[in-house]
Amino acid sequence: MRWKGVLLTMVLLLSVVAAGCISGGNSSSTSGLKEATLTVFHAGSLSIPLGEVEDGFKEYAKEKLGYRITFHDEASGSVKAVRKVTDLGMKADVVAVADYSLIPELMVPNYTDFYVAFATNEIVIAFTNKSKYADEINPSNWYEVLSRRDVSFGFSDPNQDPCGYRSLMAMKLADYYYGKPVFGTLVEENTNVRFNGTHIVVPKEIQVGTDRLVIRPKETDLTPLVESGSLDYYFIYKSVAEQHNLRYIELPDEINLKSLKLADEYGKVKVYLGSTGKVLTAKPIVYGVTVPKNAPNRELAMEFLRYLLSERGREIFERNHQDFVWPPVAFGNVPEEIKDMVKVEG
């Protein structure tokens with residue numbers, strides 16, 4: 001019995017040692033790689049291309065930097081992503097938003113002192129073969145189709161997500177382009193969002209008065225509803241529609257917020273957001289990225305930003321149907337680490 005007890009003790013000790021060897025194989029001490037986590041707050045529409053950029057950076061970090069990187073991603077509406085830092089005191093290594101102007105409006109100078117404009121997009125109306133009148137809708141009659149009582153449509157929450165307030169902007173621009181009350185019919189008749197003569201006013205709490213209209217926190221929350229056929233149409237970025245193999249109609253450039261040449265035309269529309277108390281002027285869609293001042297892993301975050309802004313990042317975005325600004329344009333106190341990769345403005 002005593003011999004068996006000694007044998008059992010030896011087996012247990014060997015098991016512990018073996019377990020330590022196994023776990024040590026994944027540690028920085030035996031692999032030679034340091035461990036690090038990068039936290040990224042980003043727009044929902046960036047989920048697919050940014051995920052691929054992160055995958056590429058993981059390999060790059062192993063080979064070139066000696067790090068095993070884990071990413072902690074939090075996708076949300078871009079307004080919410082920024083407010084996590086500014087209002088909730090949460091720390092992120094990278095903040096990437098669908099509207100670059102949110103960074104100077106809400107984060108500069110207290111939370112960051114630079115930002116980079118790096119990608120573009122456009123608003124489309126996406127749907128599937130299951131959508132009512134799918135074979136009838138076109139760039140000339142979309143607003144009439146969406147106004148039909150048996151048709152459902154949606155857009156994301158303007159208080160949280162740029163795609164939401166850009167959807168409102170597009171519908172107001174449609175008033176001017178078509179000479180029809182598109183905004184009144186689709187928005188004012190269904191919600192408590194109003195145009196007061198100079199601004200679209202978005203209350204802090206949006207009330208929806210019909211089951212034909214669906215509003216969700218971020219634009220990608222609506223994608224599965226359309227894919228399943230429970231929602232007929234939604235306002236979304238072209239890149240997201242392409243990534244999910246959805247049908248879509250392209251809107252005229254005077255409406256879709258794509259054209260840099262039409263910035264003055266877009267600027268006729270302004271939106272007041274109850275969530276921030278800010279007035280936003282419609283402008284061409286440009287995405288922005290920054291590294292906050294209190295980024296937990298600032299050095300690695302800058303390495304990741306370099307990778308994102310490189311030819312490799314550009315290739316990944318364009319493969320995912322999203323145009324890249326080339327060269328990317330940087331503003332503010334641009335860090336030395338990226339000066340060779342961007343065009344510095346301001």
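How do the residues of the lining of the largest pocket divide into nonpolar, polar and charged? This and the exercises below concern a predicted model.

**Exercise 1. Classify the lining of the largest pocket and trace it to strands.**

Step 1. List the lining: Tyr100, Ala117, Thr120, Leu260, Lys283, Pro284, Val286, Phe324, Val325, Val329 and Phe331. The volume they border is about 230 Å³.

Step 2. Sort by class. Nine of these residues are nonpolar, one is polar and one is charged. With Pro counted as nonpolar and Lys as charged, the charged residue is Lys283 and the polar one is Thr120.

Step 3. Assign to strands. Strand S4 (114-120) and strand S15 (324-332) each supply at least two lining residues. S15 contributes the most, with four.

**Exercise 2. Describe the second largest pocket by class and by domain.**

Step 1. State the volume, which is about 190 Å³.

Step 2. List the lining: Thr120, Asn121, Glu122, Lys238, Ser239, Lys258, Leu260, Ile285, His321, Gln322 and Asp323.

Step 3. Sort by class. The lining holds two nonpolar, five polar and four charged residues. The charged ones are Glu122, Lys238, Lys258 and Asp323, and the nonpolar ones are Leu260 and Ile285.

Step 4. Assign to domains. Domain 1 (34-120 + 285-344) and domain 2 (123-281) each give at least three residues to this lining.

**Exercise 3. Work out where the largest nonpolar core lies with respect to the domains.**

Step 1. Set out the domains. The domain assignment of the protein chain gives domain 1 (34-120 + 285-344) and domain 2 (123-281). Their centres, taken over C-alpha atoms, are 27 Å apart. Domain 1 puts 22 residues into the contact and domain 2 puts in 21.

Step 2. Describe the core. The largest nonpolar core has 106 residues, and Phe118, Trp142 and Met171 have the most contacts inside it. Helix H7 (residues 162-178) provides the largest share, nine residues.

Step 3. Conclude. Both domain 1 and domain 2 give residues to this core, so the core lies between them.

**Exercise 4. Which residues does phenylalanine 118 touch, not counting residues up to four places away in sequence?**

Step 1. Apply the cut-off: a contact needs heavy atoms within 4.5 Å.

Step 2. List the partners. Phenylalanine 118 touches Leu46, Tyr287, Gly288, Val289, Leu308, Leu309, Phe317, Phe324 and Val325.

Step 3. Cross-check with the first exercise. Phe324 and Val325, both touched by phenylalanine 118, also line the largest pocket.

Note on methods. Residues numbered from 1 in each chain as written. Predicted model: local features only at pLDDT ≥ 70, side-chain atom pairs only at ≥ 80, totals over all residues. Heavy atoms only, no water. Core = buried A, V, L, I, M, F, W, Y, C linked by side-chain atoms within 4.5 Å. Buried < 20%, exposed > 50% of the residue type's maximum accessible area, 1.4 Å probe, protein only. Domains from an automatic or database assignment. 1 Å grid on protein atoms, 1.4 Å probe; cavity = no way out; pocket = protein on both sides within 12 Å on 5 of 7 lines; lining within 4 Å. Points joined across faces, edges and corners; volume = space filled by probe spheres on them.
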